[in-house]
Amino acid sequence: MTGILPSYQRFVNGVPVPSISRRSFRLREKYLIVSVLLTFAIVWLGALFYLPEFKSSSSVNDSVYNVYKRIQKAGPELLMPPPLAQHDEGRFNVVGVVRHGEDGDDPHVIEDRNRLRAKIEEEMGMKVLERPQFDVAPSVSSSKGPSKPPVDALEEPAVGAMKAVSQAGAKAMVKADSQYVPVALKPGANPDLKHKLETVKEMMRHAWNNYKLYAWGKNELKPMSKRAHLSGVFGGGDLGATIVDGLDTLYLMGLMDEFREGRDWVAQHLNINDVDSELSVFETTIRFVGGLLSCYSLTGDSVFKDKAAEVADALLPAFETPTGLPYALINPSTKASRQYHWAGPNSILSELGTLHMEFTYLSDVTGRDVYKKKVDRIRETLRTIEKPGDLYPNFINPRTGQWGQRHMSLGGLGDSFYEYLLKSWLVSGQADEAARVMFDTAMQAALDKMLRVSPSGLSYLAELKYGRIFEEKMDHLSCFAGGMFALASTTLENTLSDRYMDVAKKLTHTCHESYARSDTKLGPEAFRFSGAVEARAQKSNEKVYLLRPETFESYFILWRLTKDEKYRDWGWEAVEALEKHCRVDGGYTGLLNVYHQTPQGDDVQQSFFLAETLKYLYLLFSDDTLLPLEEWVFNTEAHPFPVKGKNPLYRGVEATDVEREDNQL
Ligand code: DMJ
């Protein structure tokens, strides 16, 4: 019977050939069968070879694994040597700077590794990348100890040596993987100081842990409602502003576990190009580019450098204006730029003038000129433009290069432009002389026209409009000026030096008074001098305290430069006030009215509280060897940058040929 099962009827020369057993295959079929068998064999062998963990489950696999091991033993010609054991990675090469796998590596291993790398690169036509050598600072007590400092250790036995190396290392090249070892106090330091440092460090932990708990990856924390704070200057994206801004403070305090989790977030999740809303060019530069560059100089971890360049690249379209002065806002996705509605067609002086340090340093560490060219152009426009009474109005139109209304201030809208003239000169190793000249000229005019003295003798910086005093008011933001004038005084001997130091002390005293005259002992957002009112806010929007750092910044700089104990005392008063009024279960909040005994919170933990406020308070109680002022310059967000030519952690590179070509475009 036929037909129950389908039979594969074949014909040879027209004659049916019924039996399948006697049937022979066509050539195409043979190929098919052979290739199926071959594929199966390759997959099976491949699995055995590449998945050696199968070795325990089969004796055949065992032997494959043994072959693999034998090949590995046959030498570095065939396989890359395994990475060093974790405990061998950090070598205490010089005190203050850690280098990886340098002296302790067997020279044969290094040579073999290089030969193998060259061979792979030649044969495969691709570049072999180094395994990232990220590690945190080593134990301070041993040259070969665990790879991070004890979390609570503030002391380092070899502080003297660290200083020596910093100085001797001024001209030395530093390897890309060198790290800064932060040390807050000499051994045997005063227990009171130690207690103060521990207190500030614990505040940082409280701020960080709550952000981590309730708003991780978002920009800021609402510490009272315990959720993310979404509005603000960072657009609508999840850019982890608190992480990026707070990282170098964690590092300097030796909070290495926290630093590591922040660093990993940056590596895996910081993607500015995903953001489809408007960011402030200025805020993104000072907090993100500045924070990342600072971490790069401290650690040598190239993740930070690469991310800083990625962020800056996203901002570049904002500079496409006839004068090169950037617009205020940019959308990284659409690349559309615009101004703030309230500023009309104008850009803001303190914003466009506070990019110089970050963009110049970024060019030096990447070898890409594009960033430096942008800020050099801004500088040139401002240097050559006519300036009313040697001062710079707060508004300028980037399309026409014309000043907007003639409002001048060392507070909001003007402040950090002047700060960056001084600091660009300092961080360049005093090479950027044009900046210093612009600074001294403008400051002479500012002191002549803006500096006022109240009836009771308090000095303050008032605001000008069309050359006249506009308001007898000083912003909290202007309180950075004490530190700025003190730095200007001690870094260059000129006809203004003595005046600068005198003004620095007087302004800082006034800012302290604005704190001392409030019920909370925290300073208002702005304070006035009119009639009987001195150093006190009058309008309700002036009575807020936003966790700002400027007054403590001046305490810190003046402490370092004068050694007058009162600055430390004032800083401690501030710590106690912050703990009493701003600390809540979920972090730290700003206050709505500093003149209330029990003020209401504003429910925002600003990212600059971690970047600046706590950092300056910590540095105020630490030894001068932690970020010495001759070797580090703080950007306006308190991110420390190494001084070029003086600090071996500057990490500048020569442009490669590719980058040189790129730079010419
Ligand atoms: C910070 O973002 C910077 O210090 C900026 O220059 C001014 N304002 C805040 C802190 O108050």
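Student: What is the volume of the second largest pocket, and what makes a space a pocket?

Tutor: The second largest pocket has a volume of about 780 Å³, a volume being the space filled by probe spheres set on grid points that are joined across faces, edges and corners. On a 1 Å grid over the protein atoms alone, a pocket is an open set of points with protein on both sides within 12 Å along at least five of seven lines, whereas a cavity is a set where a 1.4 Å probe fits but cannot get out, and lining residues have an atom within 4 Å of a point. This is a predicted model, in which local features need pLDDT of at least 70 and side-chain atom pairs count only at pLDDT 80 or more, while totals for chains, interfaces and linings use all residues. Residues are numbered from 1 along each chain as its sequence is written, and side-chain values use heavy atoms, with hydrogens and water left out.

Student: Which residues line the second largest pocket nearest its centre?

Tutor: Of its 36 lining residues, Phe 282, Glu 283, Arg 287, Leu 477 and Arg 548 lie nearest the centre. The largest share of this lining, four residues, is supplied by α9, a helix being a DSSP run of H or I with at least four residues, numbered from the N terminus.

Student: Where does the ligand sit, and what makes that the right word?

Tutor: The ligand sits in the second largest pocket, and the word applies because more than half of a molecule's atoms must lie within 2 Å of the pocket's grid points. Its surroundings include Ile 286, Arg 287, Leu 477 and Phe 608, where being near means having a heavy atom within 4 Å.

Student: Why are the ligand's pairs with Arg 548, Glu 550 and Glu 612 called polar contacts?

Tutor: A polar contact is a pair of N or O atoms within 3.5 Å. A ligand oxygen is 2.7 Å from a side-chain N or O atom of Arg 548, another such distance, to the side chain of Glu 550, is 2.6 Å, and a polar side-chain atom of Glu 612 lies 2.9 Å from a ligand oxygen, so each pair meets the cut-off.

Student: How many cavities of 30 Å³ or more does the structure hold?

Tutor: The structure holds seven of them, and the largest cavity has a volume of about 110 Å³. Among the 13 residues lining that largest cavity, Gly 353, His 356, Ile 378, Arg 379 and Phe 417 are the closest to its centre, and α13 (370-384) and α14 (415-427) each give at least two residues to the lining.

Methods: Polar contact = N/O pair within 3.5 Å; in protein donor to acceptor, adjacent residues only side chain to side chain.
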